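The following exercises concern sheets, aromatic contacts and cavities. Each task is followed by a solution in steps.

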Amino acid sequence: MLLCVAASAQTLHVYFGNLHSHTAYSDGTGTPQTAFDYARTTGKLDFLCVSEHNHASAEGTGDDPAHLHIASDHTLYNGARADSLISTANQINSQFPGTFVALYGQEFSVIAHGNHINIFDIGEVIDEDLIPNREFRKLYDNWLVSHLDTANKPALVQFNHPASVNEDYGILKYPNLAAFLEGVQPYARTIAILSGPYNTKPADPPRHNDDFSTGAYLHYLNLGLHLAPTADGDNHFVTFGTSTNHRTAVWATALTKAALLDAIRHNHVYATQDKNLVVDFRINGQLMGSTIHTSPGQTLNISVQLSDPDEASASYHVSLRHDTVGGEIEATSEVDSRDLTGNSTATFDGFKYTGGAEYYLVQVVQHGAGKADQAWTAPIWIDSEAVTDGHPATPAESATAFVWSVNSSVYHIAGCKVADHILDANKRSGDTPPAGKTLHANCPVQ
C-alpha cells in the first residue's frame, strides 16, 4: 500500500501483487503455505493467488516425489485438511488481516489447444470428466453458472499469457462474436500482458521481462470485452515476488479478499514493471475501470497522477490512447502525450465524447534507475445516456424493464446493447429481475 485517494466517498488504496502462481499441488514446487509465507515476508507482496492447474496432464515432479495434484486428489484444493489450498488461504487471511491477502483459484485448459484462463475464488475443482480441457463454452455457459465465488457472485476470469491475438479463450466454441461476448463477459475481467518468467529459480536475480502482449489486450478491448491488464509471475518455484519486479496493481478500499475481488470485478487494475509505481488515471473524477455515461459533445477531464517512493526524480512519458469498440484498432498509437519529471500529474484537455462505445487508456514509460519500466492501465469506458424527457431512463420507463438469456447468470436492463446479441430462442424478458441472476456489469451498455 503506497498511496490513498478519496473516490466516491471512499478511500482507495493501491495494492501490489500477483494473480498467477503454482505450487507442488500442480506443476510447481513447495506448498501453498510456503508460497503465501514467502510472498508475504520475502517477496513483500500485498497479495498472491495460487492458481493450480485443474488438469492432470499438468502434473509435475517438482520437488515432491509424491506427485501431488489437485486433479488427482481434490482434497488438496478444497478438503478440510489443514494443508489444502483453501484451508491454507483462509488461515493466512485470518492470521494477517489488513496486511496480506491469500487468494486461490485454478488454471483451466491446455495451452497447446486454446489458451489458459485463471478462475478465482471457486470452491470446487473443475472436473476434467465433466468439463474437458478447451471446452470453454461448457465452462462459461454451464459450470460457472452454478459455481459462484465465496461472495455468491460470478467467479472472475483472467486470460493468461496470450502468445498472440489469435489465442481464442473460447471464442471458437461459439457461433459468432456476439454469443462469445455474452458467454464470457459476466466472468472475464483481466488479461495478462506480462507473464513470468515462470522458470526463475530461487538463486536467480530478478528478471526484467519486456515480452508484452499488449496486442492481445487491445484486440479483446476492441471486440467489446471490459478487461484490465495484469502482470503476473506464473511462478513454478518459490520465487513469489522476487522472480521479477513487475506487479499487478489493484485500487481497492481495503486489503481484504472481498475488497480486492470487488475492485478486480470493477476493473480498477493496472499492470506495471515497477514494483511500486502508483498510477492514478481518471476521467471526470472516475477511476480507471469505470464506465461514464454522458452525452455526445461533453468535455472529458482527463488526468494521470504518478508517484514512486523509490524513484522520486524519475522521468515519465505518459501516452494517452483511445479507441471505439469495433472497426480498426486505434489504441496502438497515442492521441496525446505528456512528459513529466518526479511525482506529478499530467492533464489532457480538449477531448470530448463523440458517441458510441468509446474508451481511453494510458501507457506510462518510466525512466529512472536501470531499464525503462512500463505501466498500462485499464480503460475508462464512455457510453451515451439513454434519455427520456431530458433525464436518464430508468427500467420502469421501458415497456419491458429487464432482459436475460436462459443460459447466462446475468440479466440486463432493457436497451443494453449486449442484450441485443442474445439468441431469440434463449431470450426472456420481464418487469422484474429474474431470480438467481445478477445484473450485468456496467449495464446498460449503449
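Two strands pair if DSSP finds at least two bridges between them; helices (H or I, at least four residues) and strands (E, at least two) are DSSP runs, numbered from the N terminus. This is a predicted model, in which local features need pLDDT of at least 70 and side-chain atom pairs count only at pLDDT 80 or more, while totals for chains, interfaces and linings use all residues. Residues are numbered from 1 along each chain as its sequence is written, and side-chain values use heavy atoms, with hydrogens and water left out.

**Exercise 1.** Determine how many bridges join strand E14 to E17, and establish which strands stand at the edges of their sheet.

Solution.
- Step 1. Strand E14 (residues 299-307) and E17 run antiparallel and are joined by seven bridges.
- Step 2. Within E17, Thr345 stands opposite Gln305.
- Step 3. The open sheet has four strands in the order E12-E11-E14-E17, with antiparallel pairing.
- Step 4. Strand E12 (286-287) and strand E17 (344-352) each have a single partner strand and stand at the edges, so one side of each lacks a neighbour in the sheet.

**Exercise 2.** Give the strand order of the open sheet with mixed pairing, and identify the bridge partner of Val403.

Solution.
- Step 1. The order of the four strands is E25-E23-E24-E26.
- Step 2. Edge positions fall to strand E25 (427-430) and strand E26 (438-439); each has a single partner strand, so one side of each is left without a neighbour in the sheet.
- Step 3. Strand E23 (residues 402-405) pairs with strand E24 (residues 410-413) in the antiparallel sense, over three bridges.
- Step 4. The bridge partner of Val403 in E24 is His412.

**Exercise 3.** Count the aromatic pairs and classify the pair of Tyr38 and Phe240.

Solution.
- Step 1. Rings of Phe, Tyr and Trp (its six-membered ring) pair if their centres lie within 6.5 Å; planes under 30 degrees apart count as stacked, over 60 as edge-to-face and the rest as tilted.
- Step 2. By this rule there are 11 aromatic pairs.
- Step 3. Tyr38 and Phe240 form an edge-to-face pair, at 6.5 Å centre to centre and 70 degrees between the planes.
- Step 4. The pair links distant parts of the chain, 202 residues apart: Tyr38 lies in helix H1 (residues 32-41), and Phe240 in the loop between strand E8 (228-232) and strand E9 (247-252).
- Step 5. Buried means under 20% relative accessible area, exposed over 50%, and partly exposed in between (1.4 Å probe, protein chains only). Tyr38, at 19%, is therefore buried, and Phe240, at 0%, is buried as well.

**Exercise 4.** Characterise the largest cavity by its volume and its lining.

Solution.
- Step 1. On a 1 Å grid over the protein atoms alone, a cavity is a set of points where a 1.4 Å probe fits but cannot get out; lining residues have an atom within 4 Å of a point. Grid points are joined across faces, edges and corners, and a volume is the space filled by probe spheres set on the points.
- Step 2. The whole structure holds two cavities of 30 Å³ or more, and the largest encloses about 140 Å³.
- Step 3. Its lining has 17 residues, of which Asp141, Ala179, Glu182, Gly183 and Asn407 are the closest to the centre.
- Step 4. Helix H4 (136-146) and helix H5 (177-184) are the elements that give two or more residues to this lining; H4 gives the most, with four.
- Step 5. Ala, Val, Leu, Ile, Met, Phe, Trp, Tyr, Cys and Pro count as nonpolar, Asp, Glu, Lys and Arg as charged, and the others, Gly among them, as polar. The lining of the largest cavity accordingly divides into seven nonpolar, seven polar and three charged residues.

Key
1 Å grid on protein atoms, 1.4 Å probe; cavity = no way out; pocket = protein on both sides within 12 Å on 5 of 7 lines; lining within 4 Å.
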